[in-house]
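User: Could you take a close look at chain B for me, at how its parts sit against each other and against the neighbouring chain?

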Amino acid sequence: MESIKDKVAIVGMGCCRFGENWEQGPEDMMIDAAYEAYEDAGIDPKQIQAAWMGTVGAHWIGMAGLPVAEALKLHGIPISRVEAYCATGHEALRHASLAVASGLYDVALAIGFEKLKDSGFAGLGVGRGMHPVMEIRRTSPASFALAATRYFYTYGLSMEEGKRLLAKISVKNHKNGALSPKAHLRKEVTIEQVLSAPIIASPLGLFDCCGNSDGSAAAIVVRADTARNYRSDPVYIKGLGQAQMSMMPHTQPGYHWTGFDPTKFAAQQAYAQAGIKDPRKELSLAEVHDCFTITELVNYEDLGLSHKGRAKEDIEAGTFELNGPLPVNSDGGLKSFGHPVGASGLRMTYELYKQMQGKAQMPQRQLKDPKLGLAHTLGGHPSVSCVVICGKEKG
Amino acid sequence: MLGITSYGAYVPKYRLSAETVAQVWGKRGGKEERSVANYDEDSLTMAVEAAWDCLSPEVRAGVKSLFFASTTSPYREKQCASIVAGALDLPNDISTVDFANSLRAGSNALKLALDSVKLAGGQALVTAADCRLGYPQTPQEMGFGDAGAAISVGSSGVIAELEASHTVSDDITDVWRKSDDEFVRSWEDRWVITYGYEKNIRAAVSGLLKATGHKPADFSKVVMYAPDARSHDALAKALGFEKTQVQDSLLSKAGNSGAAHAILMLAGALEQSAPGDRILFVTYGDGADAFSFKVTEDINKVKRPLGLKGNLASRKPLSSYGKYLTFRNLIEQPEEFVRAFPSATVMWRSRKWALRCHGSKCRKCGTVAFPIQRICFECHSRDDFDEVRLSDKKGKVFTFSIDNLAGTPDAPVVQTVLESEEGNARVYCLMTDCESTEVKVGMPVELTFRRFHEMGGFVNYYWKCRPVRG
């Protein structure tokens, strides 16, 4: 089995402003993201040889790769739709990378988008799955809240202690997001605000939940050996992991509910490809899937950034703050930047890419010479995860 | 010997007080309360509950028929007894029959159950439940209650032997609903009581006394349908019974539960009976049925999970009249957005777990999964499992969330992952009949068959959990 390491590079990226984009349709946001990426890579749309489109809700916009073909007028090339719940954006990037690595294409586009705010309701709605009764009242916050309840119980945190710990994650991400011009929720919050917010699904309150946003992000992927023809500072793909678990961990016998195993499996694959032995020491920054604050907490442990059951120590030590030893979600994360499902993986990659190029929007947010970054998405109930590792240098 | 072999009761947890109703209408309320089915209950689910209370291993082993009696059946065309039998996980080779339309539907079913057992042996399980609506501001609004009752009859393991029965039929438009009526209508009550209730019951009882030679004093208990407390007391007295003989009508505790009412009272009488007691059981509705039962030594062997007493004790006041309105779907509410794929074929294909509540137990490694899995989670063995019934097993909350987003007329929704005592199977379900603030990891729960929604145009039933009752 070969590794993806240094076989492909990203030479252009784009990301539209995330938020409640009432005045934009999905095609408008895709145009914003794709044309920023074309311009960044210095390419003409005609150079795109194949595209991968990631979206969860395309069935009411158009099937196949047609939403992209239509919006960007990319006619006459293969466009595939990929879908992996909240890991969808990363799946688009992963497939584009694999195709380029195979040698079949020189230039590929990975683009993700989601238009959540045309649905007429807040959040992602009630009801999941294809069975008429089993998941009829399931919601996303409650599925992740099940992990919070069990995590608190397993590690002896009282409701008060647990909520306070999660609140610190929310405060951190809001603080980072306030410095991100393209983020959806650009404002800082205090611990007290987080703790006194209305409960959505106990123990998670409003500020434990990410923004439900519209948005799109895109990447131009090329062969690593040609990357410098496009720009002097390409970002190389070092590892691509993806793993799945039960459709419903809710029904999986013996499931611990103190973390999400797909993350562990995906990270193991990506670390092995990238040759990473100690991610906590080797990574310069990480973008992790913080759909809810509890998700970010268990991600620290599942990704091997914190010891199992001991994320609390790192949160309290400020390890993952913007000025800490391993900044996590330096752009505000899903919490503050927003979570247009199919775009999120690419938005995270956008942050790694810009940080490694020293081009983080707003200088206060620029990290000092980051070399290796990780982006992680987790989707489903939760059931599927992608881990993407990018590096500034080859080798 | 032919007679009753077991009995069961179900009174929903929620009670509406006369005071709460009176406050809404600017009147003075008494001390009584009535039972109110939760929003996810109907006559069918209450019949299932009562049947669980009744279903001893002996009855399950011998069951040959399952009857469902109600004037508030969730279907006008489609049998409910077959759904009840499925939820109880009874075998397919039994008779299932629905009895409807009359307040006497429950005892109609009982009478035919006794006849069928006499002919064919085995056990017949009679379930009855009602969930009738009284017009707002009428005595019926508070007078009716929602409940279920069950009684099984057979020729072995008899706890109360049938001595005799007598029936009269009568056409009288006293209380009724047309097929499109939601609320119960009635004619002037003086006439209803005198020429309906009193006249018919008198005829049935005197026929029974004549046939048996018994006198009123020969009965330890008189279990008699009660439209209201005053008429019930007056008729019992007029028939020559002492107050001490008359079984509690439950009207002030649970209300009048229609076709289930007299059977629920009978469950109460049997619960308090001793060997040798003689019970007069009289029902009313478009005529009257009277039965005489003699309690046997086997009454001492009866072990009820909850019984009527336990059901009455497990109660929670309904916080407001508004809750009653939403539970009974009496006010229009904005349409909820629920992502759903209603499908009769999917429900049919998943009937072994969605209806019968079976999990799969791997024959190789013993892992128990719910729903049924063809490939074992642990050892990947294929199609090598035994089905195990989870519906009658208890469990403990493994993790939960109180979800304010998920809607329902009884928000918040308690999303629960429970661990069953059956091989630690994990069951994902909603918790019902609970106080969300009381939910804790490790809390004991049991499964209950509930109504989920009507998308697709049919009633979708499935399982929830609730804190263990009693």
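**Chain B and its contacts**

Analyst: The domain assignment, which is automatic or comes from a database, splits chain B into domain 1 (3-327) and domain 2 (344-467). Before going on: this is a predicted model, where local features need pLDDT of at least 70 and side-chain atom pairs count only at pLDDT 80 or more, while totals for chains, interfaces and linings use all residues. Residues are numbered from 1 along each chain as its sequence is written, and chains are lettered from A and ligands numbered from 1 in the order in which they are written.

The C-alpha centres of domain 1 and domain 2 of chain B are 30 Å apart. Their contact (C-beta atoms, placed from the backbone, within 7 Å) draws 17 residues from domain 1 of chain B and 19 residues from domain 2 of chain B. On the domain 1 side, α2 (43-54), α4 (81-87) and α11 (321-327) of chain B each give at least two residues; helices here are DSSP runs of H or I, at least four residues, and strands are E runs of at least two, numbered from the N terminus. The largest share on that side, four residues, belongs to α2(B). By type, the domain 1 side has seven nonpolar, four polar and six charged residues, with Ala, Val, Leu, Ile, Met, Phe, Trp, Tyr, Cys and Pro as nonpolar, Asp, Glu, Lys and Arg as charged, and the others, Gly among them, as polar.

Now for the neighbour: 42 residues of chain B meet 33 residues of chain A. Elements of chain B that each supply at least two residues to its side include α12 (344-349) and β19 (413-420). The largest share, five residues, comes from β18(B). That side of chain B holds 25 nonpolar, 13 polar and four charged residues.

Key:
Two residues are in contact if their C-beta atoms, placed from the backbone, lie within 7 Å.
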